[in-house]
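Hi everyone, thanks for making the time today. I'd like to walk you through one model, so please have a look at it before I start talking.

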Amino acid sequence: MDLEQIERVVETARDRIAGASDLDELAAVESEAVGRRSEIVAARRGIGALLPDRRRTVGKAVNEAIRSLTAAAAARRSVLEEEAENVLLERDRVDMTLPYGRPLRGTHHLLTSTADEVCDIFRSIGYQVAEGPELELAWYNFDALNTPPTHPSRFESDTMYVESFDGEERRGPDELLLRTQTSPMQVRYMERRLPPVYVVVPGRVFRTDTWDATHSPVFHQIEGLAVDSDITFGDLKGTLAHFAGEFFGPGARTRFVPHFFPFTEPSAEMLVWFNGEWLEMLGCGMVDPNVFEAVGYDPGKVTGFAFGMGVERLAMVKHGITDIRHFYDNDLRVLGQFR
Ligand code: DAH
């Protein structure tokens with residue numbers, strides 16, 4: 001190879017090295033240009049056969065060509081390596097400032113928060129909060145509450161009785177049932193304390209109701225009881241009007257209409273004016289003297305009032321919920337609206 005040829009070879013090889021678009025291509029180009037089988041390396045092997053003065057110039061040019069092509073390949077390699085590295089970095093890029101997937105924050109069920117709200121209203125005017133058993137004796141659910149053995153609510157069509165678990169036949173007041181109301185806690189509470197009594201009792205109750213938009217065989221009530229030396233129907237009205245104002249807002253109006261409950265005399269139903277109509281909100285009345293006698297209080301010395309309200313009903317009216325089953329379906333799209 002003469003000097004001119006060498007120069008041409010170097011020029012083409014340098015162009016191809018510079019044009020190699022990735023590391024594989026560069027390796028192939030480099031091996032072709034300066035590898036063992038390349039023209040230039042073949043030329044170096046032939047140097048020995050040249051005349052001495054040609055040997056020096058050609059030898060120098062060949063070595064220079066190999067050196068400069070090897071350097072060009074190395075330079076191109078570091079550019080391509082850096083590019084490949086940048087592609088990887090770009091692909092793995094993480095934006096540390098993006099919001100991350102936060103876990104869903106839980107909250108109380110609307111029935112729980114409604115019952116809590118009611119209890120807090122009464123707590124703030126001096127009432128205690130107590131709870132009682134869901135499996136109850138007929139005595140507490142009916143007899144001590146002045147409910148005669150023939151009262152229709154005691155029929156199996158209304159009340160769920162529970163078979164005796166100890167093999168014993170239980171009859172009358174000893175029969176076991178799932179409480180149909182929270183009222184039995186009036187009796188349990190009074191029989192363990194002396195008056196005065198101011199207590200509210202939230203809890204779950206059970207009836208043989210068929211599941212529909214306004215009925216559920218399991219629902220919730222809050223019972224209230226106030227017993228003192230001179231409690232009047234005026235105290236009842238004032239207390240429950242205060243409750244309605246706190247729960248439904250200052251515009252709430254209340255109305256009392258006569259009703260019947262075995263354990264109160266007189267008895268009433270309280271209606272609340274809400275969103276343009278009168279809605280039945282709770283049952284109430286003055287504690288019947290027979291109930292005081294059942295717990296060992298002297299009806300000549302104490303008077304009291306009692307009331308009972310449905311938690312589902314309160315929540316439905318307040319929040320415009322039209323189907324009681326929403327409370328139990330546990331659909332987060334519904335429940336999530338009440339945080
Ligand atoms: N226990 C009654 C019911 O479930 C509600 C009730 C009415 C409770 C009058 C009371 C009351 O304490 O005085 O329908």
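Let's begin with the ligand: how many residues surround it, and which are the closest? There are 15 in that shell, and Gln-181, Ser-183, Arg-207, Gln-221 and Glu-223 are the closest. Before I go on, please keep in mind that this is a predicted model.

By class, the shell around the ligand holds 5 nonpolar, 8 polar and 2 charged residues. For those of you who like to set up contacts by hand, here are some distances. Gln-181 brings a polar side-chain atom to 2.8 Å from a nitrogen atom of the ligand. On the backbone side, an N or O atom of Ala-306 sits 3.2 Å from a ligand oxygen. Phe-307 also takes part through its backbone, with a polar atom there 3.3 Å from an oxygen atom of the ligand. How much of the ligand does the protein cover? On its own the ligand exposes 350 Å², and 89% of that is buried by the protein. Strands E5, E8 (277-287) and E9 (303-310) are the elements that each give two or more residues to this shell.

Now for the empty space. A probe the size of a water molecule, rolled over the atoms, shows where room is left. In the second largest pocket there is about 320 Å³ of space. Its lining is made of 17 residues, and those closest to the centre are Ala-115, Glu-131, Pro-202, Gly-203 and His-220. Which element gives the largest share of that lining? The answer is H5, with 6 residues. Helix H5 spans 110-123, and strands E4 (197-206) and E5 (218-228) also supply at least two residues each. You may remember E5 from the ligand shell, where it gives two or more residues as well. The pocket lining splits into 6 nonpolar, 5 polar and 6 charged residues.

What about closed space? Searching the whole structure for cavities of 30 Å³ or more turns up 1. The largest cavity has a volume of about 30 Å³. Around it we find Leu-110, Ile-321, His-326, Phe-327, Val-334, Leu-335 and Phe-338. That lining counts 6 nonpolar residues, 1 polar and no charged ones. Helices H11 (326-329) and H12 (332-335) each put at least two residues into it.

Between those two helices there is a loop, and Asn-330 lies in it. The phi of Asn-330 is positive, near 55 degrees, although the residue is not glycine. Is Asn-330 buried or partly exposed? Its relative accessibility is 48%, so Asn-330 counts as partly exposed.

Another asparagine, Asn-146, has a positive phi too, near 60 degrees. You'll find Asn-146 in the loop between H6 and E3. With 25% relative accessibility, Asn-146 also counts as partly exposed. Arg-154 belongs to the loop that runs between helix H6 (138-141) and strand E3 (176-178). This arginine has just 10% relative accessibility, and because the cut-off for buried is under 20%, Arg-154 counts as buried. Its C-alpha is 9.4 Å from the C-alpha of Thr-180, a residue 26 places further off along the chain.

Let me turn to two helices. Why do I call H7 largely enclosed by the rest of the structure? Because 6 of its 8 residues, in the stretch 184-191, are buried. Those are Pro-184, Met-185, Gln-186, Val-187, Tyr-189 and Met-190. Helix H10, residues 311-319, has Val-311, Glu-312, Leu-314, Ala-315, Met-316 and Val-317 as its buried residues. Right after H10 comes Gly-320, with a positive phi near 65 degrees.

Last, something to check if you prepare this model for your own calculations: the cis peptide bonds. One joins Pro-195 and Pro-196, with omega at about 5 degrees. Pro-196 is in the loop between H7 and E4. Another cis bond runs from Glu-265 to Pro-266, and there omega is near -5 degrees. Pro-266 is part of strand E7, residues 264-274.

That's my tour, and I'm happy to go back to any part of it.

Key. Residues are numbered from 1 along each chain as its sequence is written. This is a predicted model: local features need pLDDT of at least 70, side-chain atom pairs count only at pLDDT 80 or more; totals for chains, interfaces and linings use all residues. Side-chain values use heavy atoms; hydrogens and water are left out. Buried means under 20% relative accessible area, exposed over 50%, partly exposed in between (1.4 Å probe, protein chains only). Helices (H or I, at least four residues) and strands (E, at least two) are DSSP runs, numbered from the N terminus. On a 1 Å grid over the protein atoms alone, a cavity is a set of points where a 1.4 Å probe fits but cannot get out, and a pocket is an open set with protein on both sides within 12 Å along at least five of seven lines; lining residues have an atom within 4 Å of a point. Grid points are joined across faces, edges and corners, and a volume is the space filled by probe spheres set on the points. Ala, Val, Leu, Ile, Met, Phe, Trp, Tyr, Cys and Pro count as nonpolar, Asp, Glu, Lys and Arg as charged, and the others, Gly among them, as polar. A residue is near a molecule or strand if one of its heavy atoms lies within 4 Å of it. A polar contact is a pair of N or O atoms within 3.5 Å; within protein, one must be able to donate a hydrogen and the other to accept it, and residues adjacent in sequence count only if both atoms are side-chain atoms. Accessible areas come from the Shrake-Rupley method with a 1.4 Å probe; for residues, only the protein chains shown count as cover.
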